[in-house]
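Q: I should like to learn how to read the features of a protein model. Could we take them one at a time?

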Amino acid sequence: MAVASGSGIIPQIKFNQNYATSRPQPKSISSLFSTSEISAARHSNSKDSKNTVTGELSLRLQTPKRELIGKTFCSAGVCTYPGDTVGSHADTAEEKIGVILLNLGGPDSLQDVQPFLYNLFADPDIIRLPRLFRFLQRPLAQLISVLRAPKSKEGYAAIGGGSPLRKITDEQANAIKLALEAKEVSANVYVAMRYWHPFTEEAVRQIKRDRITRLVVLPLYPQYSISTTGSSVRILRDMFRNDAHLSKLPVAIIQSWYQREGYIKSMADLMEKELQIFPNPDEAMIFFSAHGVPVSYVEDAGDPYKDQMEECIFLIMQELKSRGINNNHTLAYQSRVGPVQWLKPYTDEVLVELGKQGVKSLLAVPVSFVSEHIETLEEIDMEYRELALESGIINWGRVPALNCTSSFIVDLADAVIEALPSAKAIATTSTSDEAENDIVGYAIKMLFGSILAFLLLLSPKAISAFRNHIL
C-alpha cells in the first residue's frame, strides 16, 4: 500500500465487512499466552515461515528461498526487536495489547499536498543522498515538493480533492479491533501514517498514554520494501530505543504477509467476481500492476520486494487455478519517476504492447495496495484505463482494493494473534551521530542548503533541467 506523489508515490531515489453484534467477553492476556493452540500453530509452521529480518532490523534482507514458492504460510512472518522477552507482562492483570497499523498517509485536502510532498521527500529512505550531502535533504525536499505540487494537486482534484486513505485506514483499524474481540482478544488499534496525519509520533504518544504493555506492529503493505515498511520501522526503532519506557515494551513486527492464506484467498475472491463481468471471462488477461521501486533497491540494498511480489502472484494464480480459472496473466510495475532505472516491465509500456498483440479484455489488479488511494483511483482507473482503450483494449475491468473485506480483516487479526507471543523488548542504545548533535554545524549546513535550493529555484535553466531529470 502506498501513497501518491503526482500520479504515484516516489520510493527511494539514489543520487551518485460485517461482524457479529454480540461480542464475547475478551479473555485475559495471560490466558491467551498460555494457550497451547497458539504455540502449536506457530511451531507447526516454523519450517515454512522464517524471520527475514534479524538484529537491529537491518534493511538488507534475505530473500525467500525459491522452494517455498507455492506454499501458503499460516504464520505471520514476524520479526522482532532485539532484547530479552519481558515475561512479567504476561502475568500482570493490567496487560493491555496494542496494534499499530503502518501506512504512508495522504493529503486530506489540496492545501495539504505540498507539505505532504515535503514530508515524503525529506525521508532519507525516499531520496538517498551521499553522507557528505545529507544536509541538502530538507532544502531539496522543499524544492521538489514545490515543483511537483501543481501536478499532484491535479491528480488529487480528480479523485475528490484529497486522499481517502486515512478514512479507509481508520475503518480497517476499527474492523481489526472488532475481529480481535470476536476472537476474545481485547486490543487498542492505532493508525500511524508516515507522511501525514495521524503521524507515527502521534500514535506512539497515544500508546504511551494508554499504557500499552505489549505491541504488535502491522504494516498495511503485503510485501516488504525499504521505502514502505522499512522506512516506517526505522522511525519506530529510533523512537522506541531512545525512550526509557518504550525501550522495555515487548514489540513484535509483522514484516510481510503476502503469503498468508487469508490474503491470497481474499484476492482470488475479488478477482473471480470481477472476471465474471466480462463477456468472455476465460479470454480476459489478468494484469497485475504493482508499485515499482528503483532497481538499485534490489541489486544494491537487498530489498526482497521483487521476489516477494513474484511469489505473491504465483500463489494467487495457483489459488485461481485450483478453482478452475486458467486465464493468462502478466505482472508490470507502475509509478516510476526520475532518471534512475526502475523494476521492469513498466505498466504503461506493457499496456501498449498488449494492445498490439490483440488483447481485447483486460482485468487490472492492484496487487501491492490494500486500500483505495490515488494510485488506484487516478493512476489506474483514469490514466491507465485511457491508455489501454487507446491501445485497442475494448473490455476493461479493475479489481477493487481489499479495504475492509471481511475475510481479509479476519486474517490480519489472526496474524496479530500469532505474533503476540514473540514480542520482545527493544534494546536501549546510546550511540549517536556527533554531526547530528552539532547544532551550530547543522544550522550552517541548513543555511547553505537553503541558499543553494533558493538559487536553483530562481534559475530557469536549473528548473528546466531538474524537471527533465527528476520529474
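Q: In which loop does Glu184 lie?

A: A preliminary word on conventions: this is a predicted model, in which local features need pLDDT of at least 70 and side-chain atom pairs count only at pLDDT 80 or more, while totals for chains, interfaces and linings use all residues. Residues are numbered from 1 along each chain as its sequence is written, and side-chain values use heavy atoms, with hydrogens and water left out. Helices (H or I, at least four residues) and strands (E, at least two) are DSSP runs, numbered from the N terminus. Glu184 lies in the loop between α5 (165-182) and β5. Its phi is near 65°, a positive value in a residue other than glycine.

Q: Is Glu184 buried, partly exposed or exposed?

A: Buried means under 20% relative accessible area, exposed over 50%, and partly exposed in between (1.4 Å probe, protein chains only). With a relative accessible area of 30%, Glu184 is partly exposed. Arg211, in the loop between α6 and β6 (214-219), also has a positive phi, of about 55°, although it is not a glycine; at 65% relative accessible area, Arg211 is exposed.

Q: Why do the buried residues of α11 lie on the same side of the helix?

A: An α-helix has 3.6 residues a turn, so residues three or four places apart point the same way. In α11 (residues 347-356), the buried residues are Thr347, Val350, Leu351, Leu354 and Gly355. They cover an arc of only 140° around the axis, which puts them on the same side of α11; the arc is that of the directions from the helix axis to the C-beta atoms. Their cover includes β8 (285-291), β9 (329-334), β10 (361-366), α12 (374-390) and β11 (395-398). Just after α11, Gly358 takes a positive phi of about 95°.

Q: What is the strand order of the open sheet?

A: Two strands pair if DSSP finds at least two bridges between them. The open sheet has four strands in the order β9-β8-β10-β11, with parallel pairing. Its edge strands, β9 and β11, each pair on one side only, and the twist averages 25° from one strand to the next. Six bridges join β8 to β9, and Phe287 stands opposite Thr330 in β9.

Q: Which strands does α12 lie across?

A: Axes are lines fitted to C-alpha atoms, for helices over the stretch in contact (heavy atoms within 4.5 Å), and angles run from 0 to 180 degrees between N-to-C directions. α12 lies across β8, β9, β10 and β11, running at about 165° to β11. α8 lies across β8, β10 and β11, at about 155° to β10.

Q: How many aromatic pairs does the structure hold?

A: A pair of aromatic rings is described by the distance of the centres and the angle of the planes. Rings of Phe, Tyr and Trp (its six-membered ring) pair if their centres lie within 6.5 Å; planes under 30 degrees apart count as stacked, over 60 as edge-to-face and the rest as tilted. The structure holds three such pairs. The ring centres of Trp257 and Tyr263 are 5.4 Å apart and the planes stand at 85°, so this pair is edge-to-face. For Trp257 and Phe408 the centres are 5.8 Å apart and the planes at 45°, so that pair is tilted. Ring pairs thus link Trp257, Tyr263 and Phe408 into a cluster.
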